[in-house]
Each structure stands twice: as C-alpha cells, then as structure tokens.
Amino acid sequence: MSTREIHVGGQDWADVVPGAEDDTMIINMGPQHPSTHGVLRLVLELDGETVISCTPVIGYLHTGIEKNTEVRSWTQGVTFVTRMDYLAPFHNEMAYCLAVERLLGIEAPPRAQAIRVLLAELNRISSHLVWLATGGMELGALSMMLYGFRERETILDIFEMITGLRMNHAFIRPGGVIQDLPDGALDKVREFTDVFPKKLADYEGLLSGNPIWLERNKGIARMTAEQAIGLGVTGPMLRACGVERDLRKVNPYSGYEKYDFEVPTHPDGDCFARYNVRIAEMRESNKIVRQAADQLPSGPVMVEDPKIAWPAQLQLGADGLGNSPDYIRKIMGESMEALIHHFKLVTEGFKVPVGEVYLPIESPRGELGYHLVSTGGTKPWRVHVRDPSFINLQSVPEIVRGGLVADVIAGIASVDPVMGGVDR
Amino acid sequence: MDEVLGAVCAGLRERFPEHVSEPEEAFGEVSVRVARERIVEVCTLLRDQGPFEMLSDLSGVDFLGVAPAEDRFLIAYHLTSLARNVRLRLRVFVPEGDEHVATVSGVWPTANWQEREVFDFFGISFDGHPDQRRILMPDDWDGHPHRKDYPLGGTKVEFKGAQVPPPDLRRQPTATTGYPGRLS
C-alpha cells in the first residue's frame, strides 16, 4: 500500500508529485478556486506553462450520503440521493426510484412517468445552462453567465411551482410522484418551451462564431473515443467523441421510447465538440418537454397499492399549510385498515424483496447508475451510486496533459463535474 | 436470457469451469459469480473477446451478519457492452480477514478510482493497484466507514434531559431474509 498522503490544508504539493525536477514547478489549484466547479483540488506539475501531470484530489464534499441511506427507510432515501448531484436532483430521484421499483416489481402509472420525463428534461436544460453560464464566465464570456442563470431561474420557478422547492425536491417517490401537477403548471412549461429556442439561438449567436470562444475551445482538452470508453466516460463527453450512445435511446426507461428526439454527436472530441453537443442536447430536451406537456396522459400519479403509495395528496388550506382533510377523515373516521397501512408505512416503511439491481439512466453528465442491494428489510442494505461526474473527472489528467495551464480551466469546464456528485 | 449474454456465459463456463458459476438471472439482470483469483483473467477475456468494452461500475457491499464470514464482502463489477447493448454483473466474494483481490485497473483504466473508493470504504486491498490511496475520506482517517461494524457515532441530542442516541443505536436493524446471490 502506498503511504503517499495529501493533506487537506495544502503545503505539501512538492511531495505529491514525486520526481519533480528542478525545472518543473508544482502548483496547487483549488480547492477554493472559482473555476473548479466546487471544491476540487488539482495538483499540477508545470514546465513553464505546459502541464506535465495533473493529480486531482477529491473528497472535500463527502457527506456519507450512501451510508446515510442505510439507516433510513426506502422512501426516505429519496431525500438523500437528491442532494448528491445538486444540479440534476430529478435524475437522482428518478434513478433511485426506478431501481426501487425494479426490486419491488412495480411500475409507476403512465402519468407519473410522463411527469418524471418532463421534469428530468427541464432539469437537463437547467443543468446544461449552469455549465454554459459558468463555463462561459471562466473563459471570459461574462454576459453568458447572466443569460444562463436568467433562463435557469425560469426553470427553477417552474420547479418551485410544481414541487415547492427549487432544488432537492424529493418529488419523485417509489411508485410514482408525490403530487399531481398544480393548475397552470403546464401553461408555464409551454410558455418556457416557446421562448427557450430563441434564447438558445442567442447564446449560439454570442458564442459559436466568437473568435475568442473558438480560440479557447477548439482543439483543447481533446480525447479519443477509445480513451473515453477505457475511462468509462459517458454522456455528452462520450457523444462529443463521435460515439452515439444515449441510454434514453438504447435502454429506454420511463417511457422515453414514446418521444421523438435526436441524439446529437460531434466527431472532434475537444471542448468545442462538447459545447456543440450540449447546446444541441438542450434543444432536443426542449422538444421532449414540449411533447411531454402536450401528451400528458391522465390518471393517477402513484401506484394503487396502499402498502407502497405514500398517502399525501395535499391541498392548500386557508392557513397556507398543506393538508389532506379527505385522507385524514378516511384514516381517522372510516377505515381501520387504512389507518394501519398509514401507520406501518410512515413509521416502518415498506419491505423490499431480497436482491440487487443496477439501474442506469442518462443524467445530464452521463450514465447515472444506482446499485441497490436489499436483504428483504425496510431499509436499503447498500446504495451505491455510479455518479457520472466521479467517473468523468478521472479523465481530467488525461485531457489536460501537454496543454497550457490556462486550458486546464477550459478542460474542467467541458467535463462539467458537480462535486456534490463526485464526493457524495 | 439475452442470446449474446447466454453465449458469453457459456463461453466463460467452458473456459473457467471451476471458477465461474452458472449465470443467475434476477430482475432482468444477469450475474455470474467469479472466483477472486481469476477475476483479472475473466475480465481480460470479456474485454478482448467481447463484448464488454466498458466497466460501468465497481461497487462494494458488506454482508456482515447476513452472509457467512467467507462471503462477507461482495464486489460487483457492472460490465457494459456498447456495441451489443448488454450488461453483465460479475460477483466476487471476499472473505473476512483476508480482504484483497487483484486489481482490474490494468484491464479498464476507469477501475482506478472506483477501486480506490472500495478500498477507502471497505478496506479491501487491490493487489497491483497503481495508486491505492484513500479517495473520499481524509488520508489520516481511521477505519473504513462503509463496513457494517463501523460505528456511526454522531452526537447525542439532548432534549430536556432525555437523550436521543446516535442513529445506529436509535434504529435497530430489521430482520433480513437473505442476500443476493444466495437466497435463503
């Protein structure tokens, strides 16, 4: 076992990269660096301005989410996993719930599936907007920062209207979604899908032909398809290497086969290719959101089984608080059985059959996989998350090696890591 | 079972009759159990003779109290074939007290960080790993937090004289009825 230690406080970087010659220089970038997308520390060995090696140091945001889920019920797990990749909370919830549903052998009703798709695709747009905004800012396109966050705010307002929260919604639950859409939500969504393509064209007008943007992105942080596959890189980064692989197409889940959309790819494998792929993906996601809003099936949003379905169709009361008077009347006044179900579900949770599943979905950053192990109890035995940010971040030393130190910034921005997902 | 997977599993059984189990299908996913001393050979074969180009996920599980000591730790390798669009899970069980297995980071470079994560959380050592250090916990951390016997600790919450104990003492584990790979 190696005894190389990297200390949290820094001061040790000369020891971190062994064999540094006198003419090379070790510099430390991060963890508190504005362009490391969170708390990522990179130890760079430089020869002049050229990067010779790069050692990422992660773990600063580790919060033990996987471990935490082991001492809580299957339903409570949703509120934990949504906090991992905080820019894609709906994808985390959806993958976790799909995995639990596979273990239970149930399927969410069609309306719940369509609501999940609608939210997930809006979420993909908002996540890509943060990438575009921060990535643009780091390369000097400061107005992109303002535009990106402006549009994201519109999406977060829709999320707030539907789920009550801008982030960390815990809206998708095993068996469906917790609430039906409120009145007027679909109008808001349609309004957004009408406006957004024009905004996207503005961004492209601002960046795609901009000489500085091209100079900073073209041919930078290049990766081949072989490297990407060997390193397990997925999502827009893999598609920017010319590999057309999107889990929404190859293993459709939650009814994605019903929507008409393309999988954009680009052959170059550099930062500019990733930029093009993500911009095109936002346009496709917008199409899916529109289709989901227009074709939303009617019906329940949660499975019928009272042993699994969380009983909370809240109505806003006169006091401004959510409550469910009909339901309370039923369990308190009418049905003893309903009261027992309620009590069991809320205190203990439901039991999940013995087994293990690995359920991958396409998150904005790539393959988000949940490895769930159940030993038959009311709590998960193990929840392991294959977070695409964690895997994709491993490619950073490969793509920045041999480039300039300024291009490390462009390289990291094009990977689009979310440290909440990397460190979990 | 999928035709491609059936052929792959039959090929594995033929090549390693002693060290690879019959495929087990559950929840629409196919798993085979691989003896830990053969994992690198099996992985190399699956990569080179197809169809698994990618190691999607490498995940550790501690079955303390559920499985016998010789099967205490499970390492699940989730292999993905991009060309044939199939997935296969390899299960390697690691016994208590002898927690090591050969690294597959030479087969798929992506295993590097994923094995570091399993080492960090479960204390399973990967022989031949190029850079086996902790990855998410601090370097001077004691113990391996995802082991089931790792104390959760936590601060006692005092409320008007009554104390709420840490979470592992607060919630007793529920009865379990088995574990994947060996149903009872």
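A helix here is a DSSP run of type H or I with at least four residues, and helices are numbered from the N terminus. The model described below is predicted, and this account follows one helix of chain B, then the chain itself, its contact with chain A and a core of nonpolar residues.

**Helix α3 of chain B**

Helix α3 of chain B covers residues 111-122, and its 12 residues reach 16 Å from the first C-alpha to the last, close to the 16 Å expected at 1.5 Å a residue. After α3(B) comes G123(B), which has a positive phi, near 70 degrees. Is this helix enclosed or open to its surroundings? Because 11 of its 12 residues are buried, α3(B) is largely enclosed by the rest of the structure. Among these buried residues are W113(B), V118(B), F119(B), F121(B) and F122(B), and they also include N112(B), E115(B), E117(B) and D120(B). The buried residues of the helix pack against β3 (54-62), β4 (73-81) and β7 (125-127) of chain B, and also against α15 (388-393) of chain A.

**Chain B and its contact with chain A**

Chain B as a whole contains four helices and 11 strands, and 39% of its 184 residues are buried. Of the contacts in chain B with a separation of 6 or more, 50% join residues that are 24 or more positions apart.

The contact between the two chains takes 43 residues from chain A and 43 residues from chain B. On the side of chain B, at least two residues each are supplied by β3, β4, α3, α4 (167-170) and β10 (178-179), while the largest share, six residues, comes from β3(B). The table divides the residues on this side of chain B by their kind.

| Kind of residue | Residues of chain B touching chain A |
|---|---|
| Nonpolar | 21 residues |
| Polar | 13 residues |
| Charged | nine residues |

**The largest nonpolar core**

The largest nonpolar core has 160 residues, and those with the most contacts inside it are A95(A), A99(A), V100(A) and L118(A), together with I75(B). Helix α5 of chain A (residues 110-138) gives the largest share of this core, 14 residues. Where does the core lie with respect to the two domains of chain A? It lies between them, because both domain 1 (13-57) and domain 2 (65-303 + 351-384) of chain A give residues to it.

V100(A) can serve as an example of a residue within this core. If its neighbours within four places in sequence are left aside, V100(A) is in contact with W74(A), P174(A), V352(A) and L372(A).

Note on methods
Residues are numbered from 1 along each chain as its sequence is written. Chains are lettered from A and ligands numbered from 1 in the order in which they are written. This is a predicted model: local features need pLDDT of at least 70, side-chain atom pairs count only at pLDDT 80 or more; totals for chains, interfaces and linings use all residues. A nonpolar core is a set of buried Ala, Val, Leu, Ile, Met, Phe, Trp, Tyr and Cys residues joined through C-beta atoms within 7 Å. A residue is buried if 20 or more other C-beta atoms lie within 10 Å of its own, exposed if 12 or fewer, and partly exposed in between; C-beta atoms are placed from the backbone. Domain bounds come from an automatic or database domain assignment. Two residues are in contact if their C-beta atoms, placed from the backbone, lie within 7 Å. The expected span of a helix is 1.5 Å times one less than its number of residues. Ala, Val, Leu, Ile, Met, Phe, Trp, Tyr, Cys and Pro count as nonpolar, Asp, Glu, Lys and Arg as charged, and the others, Gly among them, as polar.
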